[in-house]
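Colleague: Could you take me through this model before I return to the bench? I would like to begin with the overall fold.

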Amino acid sequence: MVSGHELYELLFGGTGAKESHTWGTVAAVNRDGTADVRLNPSISTTCTCLAEVKAGDRVLVLVFKQGAVVLGKAV
């Protein structure tokens, strides 16, 4: 699992202040309210959640330098 900062470096190479939205799948929900989200078969990260999610949900994730946030889920 990669951290939000590592994910940012992977996606943007560390240049400039950028952010991106992407779809992912919730692998697990943690006791602290965060979720482990798989963004593709080889990259997963822990995200803060702004929506109630459960394992298996397809979610929209905002990735930025400080981390990643689940914005909502597909219905």
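Modeller: We shall go through the fold, the confidence, the strand pairing and the surface in turn. Please note that this is a predicted model.

Colleague: Which secondary structure elements does the chain have?

Modeller: The chain has one helix and five strands. Their order along the sequence is α-β-β-β-β-β.

Colleague: And where is confidence lowest, and where highest?

Modeller: The lowest value belongs to helix α1, residues 4–12, with a mean of 69. Strand β2, residues 35–40, has the highest, at 93. For the chain, the mean pLDDT is 86, and 85% of the residues reach 70 or more.

Colleague: Turning to the strands, how does β1 pair with β4?

Modeller: Strand β1 (residues 19–29) and strand β4 (residues 58–64) run antiparallel and are joined by seven bridges. Within that pairing, Glu19 has Phe64 of β4 as its bridge partner.

Colleague: What about β4 and β5?

Modeller: Those two strands are also paired in the antiparallel sense, with six bridges; β5 covers residues 67–73. Leu62 is bridged to Val69 in β5. β4 and β5 form a hairpin, and two residues lie between them.

Colleague: A different topic: how much of the chain is buried?

Modeller: Of its 75 residues, 36% count as buried. The exposed area of the chain is about 4500 Å², of which carbon and sulfur atoms supply 54%.

Colleague: What share of the contacts links residues 24 or more positions apart?

Modeller: Such pairs make up 43% of the contacts in the chain with a separation of 6 or more.

Notes. Residues are numbered from 1 along each chain as its sequence is written. This is a predicted model: local features need pLDDT of at least 70, side-chain atom pairs count only at pLDDT 80 or more; totals for chains, interfaces and linings use all residues. Side-chain values use heavy atoms; hydrogens and water are left out. Helices (H or I, at least four residues) and strands (E, at least two) are DSSP runs, numbered from the N terminus. Buried means under 20% relative accessible area, exposed over 50%, partly exposed in between (1.4 Å probe, protein chains only). Contact means heavy atoms within 4.5 Å. Accessible areas come from the Shrake-Rupley method with a 1.4 Å probe; for residues, only the protein chains shown count as cover. pLDDT is the predictor's confidence in each residue, from 0 to 100. Two strands pair if DSSP finds at least two bridges between them.
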